[in-house]
Structures are given as C-alpha cells and as structure tokens.
Amino acid sequence: MLSKDTLQFLEDLKANNNREWFLENKKRYEAFKKDYQQLVSDFLDAMKPLDPSLEMLEVKNCTFRINRDIRFSKDKTPYKTHLGVWLSSGAKGLNRAGYYVHLEKGSSFIAGGFYMPEAADLKKIRKEIAFFHDDLEAILNEKNFKKAFGDFDRNERSLLKNPPRGYEKDHPAIELLKLKSFETSCKFDLSEVLEPDFVSKMSQKLILLKPLVDFMNRALTAEEF
C-alpha cells in the first residue's frame, strides 16, 4: 500500500505544479518514486500468478514518468498529479490489451481492455468481434464481471453513430462493432489505497477482466486470412 506521505506529495504537487517547487522537494519526490515502484511490485506479485502472460514484466515496464508531454497541450503544467499502473503482456512496440490502475483524488479507478486502438488494431478487433461476438457477449454477461464493471465504457468519443465501413447495420453485434475503444472501468475512493489489503482486493477485481484482455489480445495476434 502507498503511504500517506505519497498521497500528500501528489496533493502538494497539484497546488504547486512548477519546476521550482519540484526541485525544492526533490527528496520528497525520491521517496514518492520509491513508494510508487513498491506499489507496482506488489501488483506484479499479486497478478502474475493469476495471469501468466504478465510473467516477464518488471516494475519499469508498468510505471509512467511524472513529466507531462506538453508539446500539444494547452495545459502547460509540467508534472502529472496522479499515479498509473499499466500491466500488459505487450512487448516494446507492440500494443496489447491489459490492466490499469489509476490513483487520483476524486478520480481513482481500475480498468482493463484496449483503450482507443489505432486503425490497424481496430480493424483486427472488429474482425474478431464480427466472427466471434458470442464469445465477447458471454464475457460481458458473466455474472461477476457484470457486477463489478457492468459493460464497456461508452461515450461520444468512443462510439460511432453509424456502422463502420464494411459492416451492415443489421449485423447481430453492430453495437459492439460501432465501438472505437474497448475498455471497462470501476471507480473507488483514493483512501482505499491506504488499506493493507488494497492490492489484493483490486487484483481480485482486475482478474475478472482477464477473459476480456485475452479476447482482445487474441484478435491482435490472430493470423490474417
């Protein structure tokens, strides 16, 4: 579990998001970074026995830099004020589905699937859905999955208004084929991260997403025919 000091560092950084303050608090950042890496290590220890595809992952594969990419953003604050943990079997240069943990005051959640795939990957996923939508529907309707996550996250950005090119509007899985993003999420309160069983509890929820992650990765690795 994370320490209260780590959460306080994020709060203070949010109120002082500038390079001068960050450099003045470098020692606090180093302690924060160590705590962050320990949390990721704990998630790896919990998740690897549940999903063998994660076995080769190391802490460095699952963390994010604190520096924001501000090149194309109107928001020029230099640092992220949240923590993210990304667990995926994808090697460098390969996009794969996976599991995500997001820690941020007022906006903490766990998630899984494949967020906004690029055109080539989207085409593969849609082809898999078109042929094997029964498999995906069974995953989405599984009792425990449904209770914890409900369904795919849907919004205007992640959903086409019309059927994608090449698919008829009466296809039995047309609402799934209209999706441009394939992730589902579950919110929690940031205070839960301070509980001793936080990693264990979240891992038990995350592993409910394994069939969905496997389905997406099956689509991405299937041979073209």
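## Briefing: core, helix packing and loops

Ser53 counts as partly exposed, with a relative accessibility of 38%, because this value falls between the 20% limit for buried residues and the 50% limit for exposed ones. Ser53 sits in the loop between α3 and β1. Please keep in mind that the model is predicted. The points below start with the nonpolar core, go on to the helix pairs, and end with some loop residues.

**The nonpolar core**

- The largest nonpolar core holds 62 residues, and Phe43, Leu87, Tyr99, Leu103, Ile129, Phe152 and Phe198 have the most contacts inside it.
- Helix α3 (residues 26-47) supplies the largest share of this core, namely eight residues.
- Which residues does Ile129 touch, not counting those up to four places away in sequence? They are Leu136, Ala173, Leu176, Leu177, Phe182 and Phe215.

**Helix α7 and its buried side**

- Five buried residues belong to helix α7 (residues 198-206): Phe198, Val199, Met202, Ser203 and Leu206.
- These residues lie on the same side of α7, because the arc they cover around the axis is only 120°.
- As general background, an α-helix has 3.6 residues a turn, so residues three or four places apart point the same way.
- What do the buried residues of α7 pack against? Their partners are α3, β2 (98-103), β3 (109-114) and α8 (210-221).

**α3 with α7**

- The axes of α3 and α7 are 10 Å apart, and the two helices pack at an angle of about 50°.
- α3 and α7 are therefore oblique to each other, since an angle of about 50° lies between the 35 degree limit for roughly parallel and the 65 degrees where roughly perpendicular begins.
- The crossing of these two helices, α3 and α7, is right-handed.
- On the α3 side, Leu39, Asp42, Phe43, Ala46 and Met47 make the contact, and on the α7 side Phe198, Val199, Met202, Ser203 and Leu206 do so.
- Two residues of this contact, Phe43 of α3 and Phe198 of α7, also appear among the residues with the most contacts inside the largest nonpolar core.

**α1 with α3**

- Helix α1 (residues 4-15) and α3 have axes that come within 9 Å and cross at roughly 125°.
- This pair, α1 and α3, is therefore oblique.
- The crossing in which α1 passes α3 is left-handed.
- α1 contributes Thr6, Gln8, Phe9, Leu10 and Asp12 to the contact, while α3 contributes Arg28, Tyr29, Phe32 and Asp35.

**α4 with α8**

- The axes of α4 and α8 cross at roughly 140° and come within 8 Å.
- How are α4 and α8 oriented to each other? They are oblique, because roughly 140° does not reach the range over 145 degrees that counts as roughly antiparallel.
- α4 and α8 make a right-handed crossing.
- From α4 the contact takes in Asp121, Lys124, Ile125, Glu128, Ile129, Phe132, Asp135, Leu136 and Ile139, and from α8 it takes in Pro211, Leu212, Phe215, Met216, Arg218, Ala219 and Leu220.
- Ile129 and Phe215, both part of this contact, also touch each other.

**Loop residues between α3 and β1**

- Ser53 and Leu122 are 69 residues apart along the chain, and 22 Å separates their C-alpha atoms.
- Glu55 lies in the loop between α3 and β1, and its relative accessible area of 47% makes Glu55 partly exposed.
- From C-alpha to C-alpha, Glu55 and Asp5 are 30 Å apart in space, with their positions 50 residues apart in sequence.
- Thr81 has its place in the loop between α3 and β1 (83-88).
- Is Thr81 buried or exposed? At a relative accessible area of 17%, Thr81 is buried, because that value is under the 20% limit.
- Beyond its neighbours within four places in sequence, Thr81 is in contact with Leu10, Leu13, Lys14, Asn17 and Glu104.

**Other loop residues**

- Met116 belongs to the loop between β3 and α4 (119-141).
- Although Met116 is not a glycine, its phi is positive, near 45°.
- With a relative accessible area of 27%, Met116 is partly exposed.
- Asp170 is located in the loop between α5 (143-149) and α6 (174-177).
- Asp170 counts as exposed, at 64% relative accessibility.
- The C-alpha atoms of Asp170 and Gly113 are 26 Å apart, and the two residues are separated by 57 residues along the chain.

Definitions and conventions:
Residues numbered from 1 in each chain as written. Predicted model: local features only at pLDDT ≥ 70, side-chain atom pairs only at ≥ 80, totals over all residues. Heavy atoms only, no water. Core = buried A, V, L, I, M, F, W, Y, C linked by side-chain atoms within 4.5 Å. Buried < 20%, exposed > 50% of the residue type's maximum accessible area, 1.4 Å probe, protein only. Helix = DSSP H or I, 4+ residues; strand = E, 2+ residues; numbered from the N terminus. Contact = heavy atoms within 4.5 Å. Arc of directions from axis to C-beta. Axes fitted to C-alpha atoms, helices over the stretch in contact; angles between N-to-C directions. Parallel < 35°, antiparallel > 145°, perpendicular 65-115°, else oblique. Left-handed = near helix turned anticlockwise from the far one by under 90°.
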